[in-house]
Amino acid sequence: MILENIKEANDIKKIDSSQYGELAEEIRQFLIEKISVTGGHLGSNLGAVELTMALHLSLNLPEDKIIWDVGHQSYTHKLLTGRRDGFENLRKFGGMSGFPKRKESPCDSFDTGHSSTSLSAGLGLVKARDLKGEKNTIVSVIGDGSFTGGMVYEALNNAARLESNFIIVLNDNNMSISENVGGVPKYLNSIRTNDGYLELKKGIYDKLKSVKNGDALVKSIRRAKGSFKQLVIPGMMFEDMGITYLGPVDGHNIQDMISVFKDARRCKTAVIVHVSTHKGKGYAPAEKHPARFHGAEPFEIETGLPTKPRTKANYTDIFSTVMTKLGARDEKVVAITAAMPDGTGLKRFHNIYPERFFDVGIAEEHAVTFAAGLAAGGLKPIVAIYSSFLQRAYDQILHDVCIQNLPVIFAIDRAGLVGSDGETHQGIFDLSFLSSIPNMHIMAPKNKWELSDMLKYAVAFGAPIALRYPRGEAYDGLPEFRAPIEYGKAEMLYEESDIALMAVGSMVKVGVEVRRALKEMGYSCTLVNARFVKPIDEEMIGHLCEHHQLIVSMEENVASGGFGEKVRACMDKLRDMEMKENKNWNTELLSIAIPDEYVEHGNVELLKKEIGIDTDSILAKIKNAMA
Ligand SMILES: Cc1ncc(C[n+]2csc(CCOP(=O)(O)OP(=O)(O)O)c2C)c(N)n1
């Protein structure tokens, strides 16, 4: 095994160039074997094997810096920087992250997870280098999908003024997670497939060389390469901006890439090296189903089928089904995704109502303001975005949706802990960042039927409203509780005394388990489904205060700005009023929430234990409070 000889950064340079092909093959087999067990981002990594090798052969790590956009394609980089053993515990709690982490290796120069950040971060590192008078090379590697994100253009606008070297590798596999859509991929595709340009260029050079003084002419055209390209490729966007463009180059040909990177390092500008790669390369199921193998669950290598097929519907499936019904019922219903038609479950809506479906690319900010425009135009837009990615669009939610009180519906999937993708992807802040915005309303369903009821309620609501639901299997307990949704009203599930559990969304299921255990211990216990986080049900909280010693608020969100804080504020307000009326209750509040920290990667059940929001930890805290 050649791979065994690579124990640390730069070891790849000791390998004879005749063995590069074999090494690439070994890396692919290694990744397929390991990811088939742990799950992970297979397709993007298989596509970037030779690209990563060429970068490592061209650079000197860790002095030179590579910033991996999103970071999901950094597995080969991890392998080539001495982290082979880490793949045993890839994405597991306490194990190696699936994304670049500065704390993991000096060769990881910038933490990523969300898309389209690498150019801004890279440019920052370039400026820091220049100001300190250092000479190292900085490379940002970004995919064509991530190249649709707005931050890229903000960074390019800035990078265009650069008078020193900054290499941007555009890893173009013609795919985002799903098909890459819109004008940017169309433009990149036109460059990539423009054989005419390459042939025309060669033709013109050959012709000129054969005429008198032709050599000199060729030289001067080469010097004025930008204007020559402009002559033959209309709209040479990057060169027009002042950014050198090199490529397209075959992203599976290591020698070609090494040679282009050498040229790129000589430029005293920002330079885009456009590399063509094939997502999933070398593993037929991943080449055939790129979306499924983007972020794969553990699978059987022979067939590519999941090792543990899903038996129950998840919340995304329920959302998907209800959306198709809503689409049929109301022609004003339109759906928006930011490059996640599969992940959000909107693919079915797209198939049935293509003209009412919008995939805007990886552009969450635009998605939200676009939805605001659709709502201002009289439609009923449902924007489906994962909780952690919605963080990007905070100002758009506030400025474009909520100030005007526009009826935009936010379907927030992956709200709560998401597991193996780790701290960049945990959806644990949405209750906090949304609930501080005036005019915003927030709901969370306790089970699969309530997701359906809430979505229907939201479409009829007529003001900004968000629904947050978790990753994974949809809870199918408590089917007997299906009272109609009433504005700002919580749902009483079991009414007793002593302890009142008031749970938000996914925590209702945990509440059922906690209540059962408390009753076995001899306590009498009420369980309330909060339903609304904003507005909070003050009347219900007042009622609970009158009849219980302890209220336990339960949420899968950070404590700061979360549901528990709202319950506490409400109790303080009620207590002031009660005191005036000379009533006296001494109800205490125990807030169960995620501590104000970033939560790393790992199995969700393990993470819940670790941060104290699983059934056993909650029981221990309640027993303590009651004592
Ligand atoms: C802000 C944000 N939105 C959505 C995502 C989810 N996401 C992860 S990778 C990806 C597609 C990236 O496509 P591309 O950059 O072409 O990389 P490829 O996987 O094709 O190599 C998306 C949409 C994200 N990471 N960040």
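In the predicted model, helix α16, spanning residues 364-376, and helix α18, spanning residues 394-402, approach each other such that their axes come within 9 Å and cross at roughly 10°. Because angles under 35 degrees count as roughly parallel, α16 is therefore roughly parallel to α18. On the side of α16, the contact is formed by Glu-365, Val-368, Thr-369 and Ala-372, while α18 contributes Gln-396, Ile-397, Asp-400 and Val-401. By character, the residues that make up this contact of α16 with α18 comprise four nonpolar, two polar and two charged.

The predicted model also contains an open sheet of five strands, which are arranged in the order β1-β2-β3-β5-β4 and pair in parallel fashion. The edge positions are occupied by β1 (65-68) and β4 (244-250), each of which pairs on one side only. Between neighbouring strands of this sheet the turn amounts to 20° on average, with direction ignored.

At the β1 edge of the sheet, the parallel strands β1 and β2, the latter comprising residues 138-143, are joined by four bridges; within this pairing, Lys-65 has Ile-138 of β2 as its bridge partner. Helix α12, formed by residues 254-266, packs on the sheet, where it touches β3 (166-172), β4 and β5 (270-276), and the direction of α12 makes about 175° with that of β4.

Note on methods: Residues numbered from 1 in each chain as written. Predicted model: local features only at pLDDT ≥ 70, side-chain atom pairs only at ≥ 80, totals over all residues. Axes fitted to C-alpha atoms, helices over the stretch in contact; angles between N-to-C directions. Helix = DSSP H or I, 4+ residues; strand = E, 2+ residues; numbered from the N terminus. Parallel < 35°, antiparallel > 145°, perpendicular 65-115°, else oblique. Contact = placed C-beta atoms within 7 Å. Nonpolar A, V, L, I, M, F, W, Y, C, P; charged D, E, K, R; others polar. Pairing = 2+ DSSP bridges.
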